[in-house]
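The following paragraphs go through one protein model, starting at its ligand and moving outward to its sheets and helices.

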Amino acid sequence: MVALDEALAKARARFVADNPASRAAHEQAAAHLPGGNTRTTLFYPPFPLTMAHAEGCRLTDLDGHTYVDLLGDYTAGLYGHDNPVIRKVVEAALDRGWNYGAHGRDEALFAAVLCERFPSLELVRFTNSGTEANLLALATATTFTGRDTVLVFTGAYHGSVLSFGDKDFPLNVPHRFVVAEYNDLADTAAVLDRHADDLAAILVEPMLGSGGCLPADPAFLAYLRRRADETGALLVFDEVMTSRMSGGGLQELLGVTPDLTTLGKYTGGGMTFGAFGGRADMMAMYDPRRPGYVAHAGTFNNNVLSMAAGYAGLTELFPPPAARELFERGERLRARLNAIAEGTPMTWTGMGSMLTVHFGTGEITTPRDLRPAPEYRELFHLEMLARGFHLARRGMIALSLPVTDRECDEFCAAVADFASHSG
Ligand code: PLP
């Protein structure tokens, strides 16, 4: 432990010495933003880096250091930082003007491609964020079923007001939530049995993303599908992060089709975005031509930048073969990292292009198995930054399309170097 403390003190001191401009920017920002921050995920002590510029899969901070960006904006940055196709369609959209206060031409094209690709999507609606998409999916479920209880899982993150990593998160919306252990059939069965009659929705990430990149056991998802059918609850897959796992998301890859799906992050081409959709009989409640329809408003739901960038991204940059290729690159990288980690306390979990490093021993299949190890995480993060790699403080990586085998090789070498020094 002394060795860890010493290594951490050294890494922190080096980080502070190397980043005076980021430190000054943080201190200045703290005058008007609480803690200098408006997106909690981005904060880490002693202060977070402030970026000045980004290109491809590279970020440059205010002090002039350039990093390979392995975080890909927590999956939102799939297309990299300056993709010419995205730039072209966004510029073309700007050329046509914005803030129509009316229908535009791209929203229907975009909706069509989403419904073609995702098995559960018969009809879809757009929102401004993944959080909002999940709020709307839950509201759809409670309205459609006339019930009020929502089953969620430990470790789940469905948005800033739908967070189940910590017990009793104070900002959560006041749905009647019941929580079961992710990937634990017995615990889930017990909760389901207690609430079979009042369950409106089962909301689940087919892989926990923020919760540590823990893939769902396919049998767990199949069980949820069966119990949703038996109880009349709606099965909602939050694919805000995992939709990248194949052309049709993790639902297509695993062959389990939910009633409703939520999307966000990269699906808007890097612009502000969210979507929820699913069975036509449910989504039809939002059809304003029908008597008694339910209104779902939103000033920016069809904003021209997200509609244009999202459509071009899916059709021109991320067709199903590209999704397959990215998935395989991530699988290869995780296998290599776990080979490097053998004999150390490091383990890499995940699936495809999303992975997270954990420190501790034993197999990790549910959030219960996670070891927090904040000192190891901080040391790893600072050591990777010092070697020129940007990733999340919590150890998460989300490969973007501009990341090639070369960057993966360089990262493996950096992790091997870290492992050999921290034994
Ligand atoms: N759902 C999942 C699985 C997420 O990972 C996130 C964000 O990290 C959200 C929902 C919320 O999306 P947003 O940040 O766009 O509100």
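A polar side-chain atom of threonine 131 lies 2.5 Å from an oxygen atom of the ligand. The model is a predicted one, and the distances and angles given here are computed from it. Lysine 265 also approaches a ligand oxygen, with an N or O atom of its side chain at 2.8 Å. Aspartate 238 instead places a polar side-chain atom 2.7 Å from a nitrogen atom of the ligand. Other residues around the ligand include Ser129, Gly130 and Asn134. Tyr157, His158 and Gly159 are also among the surrounding residues, as are Glu205, Val240 and Met241.

The next element to consider is an open sheet of seven strands, ordered S4-S12-S11-S10-S7-S5-S6 and paired in a mixed fashion. Strand S4 (123-127) and strand S6 (176-180) each have a single partner strand, so one side of each lacks a neighbour in the sheet. On average, and ignoring direction, neighbouring strands here are turned by 20° against each other.

At the S6 edge, the pairing can be followed in detail. Strand S5 (residues 149-153) runs parallel to S6 and is joined to it by five bridges. Valine 152 has valine 179 in S6 as its bridge partner. Across S5, S6 and strand S7 (199-204) lies helix H6 (residues 185-195), which runs at about 150° to S6.

A second open sheet has three strands in the order S13-S14-S16, with antiparallel pairing. Strand S13 (346-351) and strand S16 (396-398) are its edge strands, each pairing on one side only. The average turn between neighbouring strands of this sheet is 20°, direction ignored. Three bridges connect strand S14 (residues 354-359) with S16 in an antiparallel arrangement, and methionine 354 has alanine 398 of S16 as its bridge partner.

Two helices pack on this three-stranded sheet. Helix H12 (residues 374-386) touches S13 and S14, and its direction makes about 125° with that of S14. Helix H13 (residues 405-422) touches S13, S14 and S16, and its direction makes about 150° with that of S13.

The last feature is a packing of helix on helix. Helix H3 (residues 84-95) and helix H10 (residues 304-317) pack at an angle of about 145°, and their axes are 9 Å apart. Their crossing is right-handed. H3 contributes Val85, Ile86, Val89, Val90, Ala93 and Leu94 to the contact; among the residues they meet in H10 are Val304, Leu305, Ala308, Gly313 and Glu316. By class, the contact comprises 12 nonpolar residues, one polar and one charged.

How values were computed
Residues are numbered from 1 along each chain as its sequence is written. This is a predicted model: local features need pLDDT of at least 70, side-chain atom pairs count only at pLDDT 80 or more; totals for chains, interfaces and linings use all residues. Side-chain values use heavy atoms; hydrogens and water are left out. Axes are lines fitted to C-alpha atoms, for helices over the stretch in contact, and angles run from 0 to 180 degrees between N-to-C directions. Helices (H or I, at least four residues) and strands (E, at least two) are DSSP runs, numbered from the N terminus. A crossing is left-handed if the near helix is turned anticlockwise from the far one by less than a right angle, and right-handed if clockwise. Contact means heavy atoms within 4.5 Å. Ala, Val, Leu, Ile, Met, Phe, Trp, Tyr, Cys and Pro count as nonpolar, Asp, Glu, Lys and Arg as charged, and the others, Gly among them, as polar. Two strands pair if DSSP finds at least two bridges between them. A residue is near a molecule or strand if one of its heavy atoms lies within 4 Å of it. A polar contact is a pair of N or O atoms within 3.5 Å; within protein, one must be able to donate a hydrogen and the other to accept it, and residues adjacent in sequence count only if both atoms are side-chain atoms.
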